[in-house]
Amino acid sequence: MKINFDKIFLGILWLMTATLATTFWMNTKYGFNIFSSEHWAYLSQLQSQRTNIKSGFYISLVFALIVSVVVLYFLIRPRFRKIPMPVASDTKSNDVIEQPTTSIKQADKQRTTQPEQDKDKTINTTNIPQNVFGLSRPISPMSGTVVKDMTQYKPAPMVNPSQNAEQREIETTKKIDEIFGNAGYTVKKCSNIAGITHTAFAIGYNQSVWVGLTEKTAEQGQSVIDTLVTFFSDTLGETAEEINVHVCIVNPAKDSVSESDTLHLFSTIDELNNFMTENPNTEPEDFEPEIFEAFSSYIDTVTNYIGKH
């Protein structure tokens, strides 16, 4: 279809070119405009009065018409590819037929001579010790020869403990995001906070920020709070005091103790779910959507900056 459109457009372009060239020639040579109806009417009047008209006038029109049609034909004519078909010769077929017969004869000769050669080459394996270099191999009860053990042992795949821990951390982080979302909070993406790569991040209507971690220490959770509070203070000044940062750690490391009201420790993911269910994100009475949208845009800028540094 694309090739047909190309030919159509090329043909239209050629007809326009030929028409303009013919018009230029007739105007320059004979002062005749082929697009003017008055000129054609004047020409018919001269022909009816049998007035002599230069033969070159008619030759020019006929020549332009023939050239236009011929060139248009060569532009849009179909072109077919010639694919040569291979022809098998009789000599090759005869060789193919004769070759199996000769190979069959040679195979028959080898069958007759093979048993005699095998008798000379047989080795008595009954006298071979079965425990050589401390290795024992099973013996066939019928022939007394050593049976080859075909059992193949495949090594167990190596398991990297760090990969399992990272995968478990990623799955738990996704569950924390779902818990934040089910509680009505707006979930955000943050790739890195205080050197911690897998974090759940969400914001609330009352300008609260919630960060979810898994299998981290209380010190690491406090460093996340300090990082965010410092960045908010540097960029917003005194207004940063209105932002409340909370960090939730699921399955914290041993001997982790929370000494802050904004650092929450949960032994299981279900405890976090119950806590967020009791503390959902509810709209305050003086809620203003424009202020929350501005706060959300500001948090997006913060997460993008912190995630790259």
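A residue counts as buried when its relative accessible area is under 20%, and that cut-off is applied in the views below, which show a predicted model.

**View 1. Thr22 in helix 1 of the predicted model.** Thr22 belongs to helix 1, which covers residues 2-30. Because its relative accessibility is 14% and burial means under 20% relative accessible area, Thr22 is classed as buried. Once residues up to four places away in sequence are set aside, the residues that Thr22 touches are Ile34 and Ala64. With Ile34, which lies 12 residues away along the chain, Thr22 has a C-alpha separation of 8.4 Å.

**View 2. The whole chain, with its confidence.** The chain has 309 residues, of which 26% count as buried, and its secondary structure consists of 8 helices and 7 strands. Among contacts with a separation of 6 or more, 55% join residues that are 24 or more positions apart. The mean pLDDT of the chain is 78, and a score of at least 70 is reached by 71% of the residues. Strand 4, at residues 200-203, has the highest confidence at 95, whereas strand 1, at residues 131-132, has the lowest, with a mean of 45. Residues 90-98 remain under a pLDDT of 50 throughout, and the model gives this stretch 0 contacts beyond four places in sequence. Residues 119-126 are likewise below 50 in pLDDT, and for them the model has 3 contacts beyond near neighbours in sequence.

**View 3. The packing of helix 6 against helix 8.** Helix 6, residues 218-236, packs with helix 8, residues 289-308, at an angle of about 120 degrees, and the two axes lie 12 Å apart. The relation between helix 6 and helix 8 is therefore described as oblique, and the crossing of the two helices is right-handed. From helix 6, the residues that take part are Leu228, Phe231, Phe232, Thr235 and Leu236, and they meet Tyr298, Ile299, Val302, Tyr305 and Ile306 from helix 8. By residue class, the contact of helix 6 with helix 8 comprises 9 nonpolar residues and 1 polar residue, with no charged residue.

**View 4. Ile306 in helix 8.** Ile306 is a residue of helix 8 and belongs to the set that meets residues of helix 6. A relative accessible area of 7% places Ile306 in the buried class. Apart from neighbours within four places in sequence, Ile306 makes contact with Asn192, Ile193 and Leu228. For Ile193 the separation in sequence is 113 residues, while the C-alpha atoms of Ile306 and Ile193 are 6.3 Å apart in space.

**View 5. Ser296 in helix 8.** Ser296 is also located in helix 8. Its relative accessibility of 13% is the reason that Ser296 is counted as buried. Which residues does Ser296 contact, leaving aside its neighbours within four places in sequence? The contacts of Ser296 are with Lys188 and with Ile203, and residue 203 falls in the stretch 200-203 that forms strand 4, where the confidence of the chain is highest.

**View 6. Leu272 in helix 7.** Leu272 sits in helix 7, which spans residues 269-278. With a relative accessible area of 0%, Leu272 is buried. Its contacts, not counting neighbours within four places in sequence, are made with Ile176, Ile179, Cys248, Val250 and Phe266. Leu272 and Cys248 are 24 residues apart along the chain, and 7.8 Å separates their C-alpha atoms.

**View 7. Arg50 in the loop between helix 2 and helix 3.** Arg50 is placed in the loop that joins helix 2, residues 37-48, to helix 3, residues 55-76. Although Arg50 is not a glycine, its phi is positive, at about 55 degrees. Is Arg50 buried or exposed? The relative accessible area of Arg50 is 76%, so this residue counts as exposed.

**View 8. Asn251 in the loop between strand 6 and strand 7.** Asn251 is found in the loop between strand 6, residues 244-250, and strand 7, residues 263-266. Asn251, which is not a glycine, has a positive phi of about 55 degrees. Since its relative accessibility is 39%, Asn251 is classed as partly exposed.

Definitions and conventions
Residues numbered from 1 in each chain as written. Predicted model: local features only at pLDDT ≥ 70, side-chain atom pairs only at ≥ 80, totals over all residues. Heavy atoms only, no water. Axes fitted to C-alpha atoms, helices over the stretch in contact; angles between N-to-C directions. Helix = DSSP H or I, 4+ residues; strand = E, 2+ residues; numbered from the N terminus. Parallel < 35°, antiparallel > 145°, perpendicular 65-115°, else oblique. Left-handed = near helix turned anticlockwise from the far one by under 90°. Contact = heavy atoms within 4.5 Å. Nonpolar A, V, L, I, M, F, W, Y, C, P; charged D, E, K, R; others polar. pLDDT = per-residue confidence, 0-100. Buried < 20%, exposed > 50% of the residue type's maximum accessible area, 1.4 Å probe, protein only.
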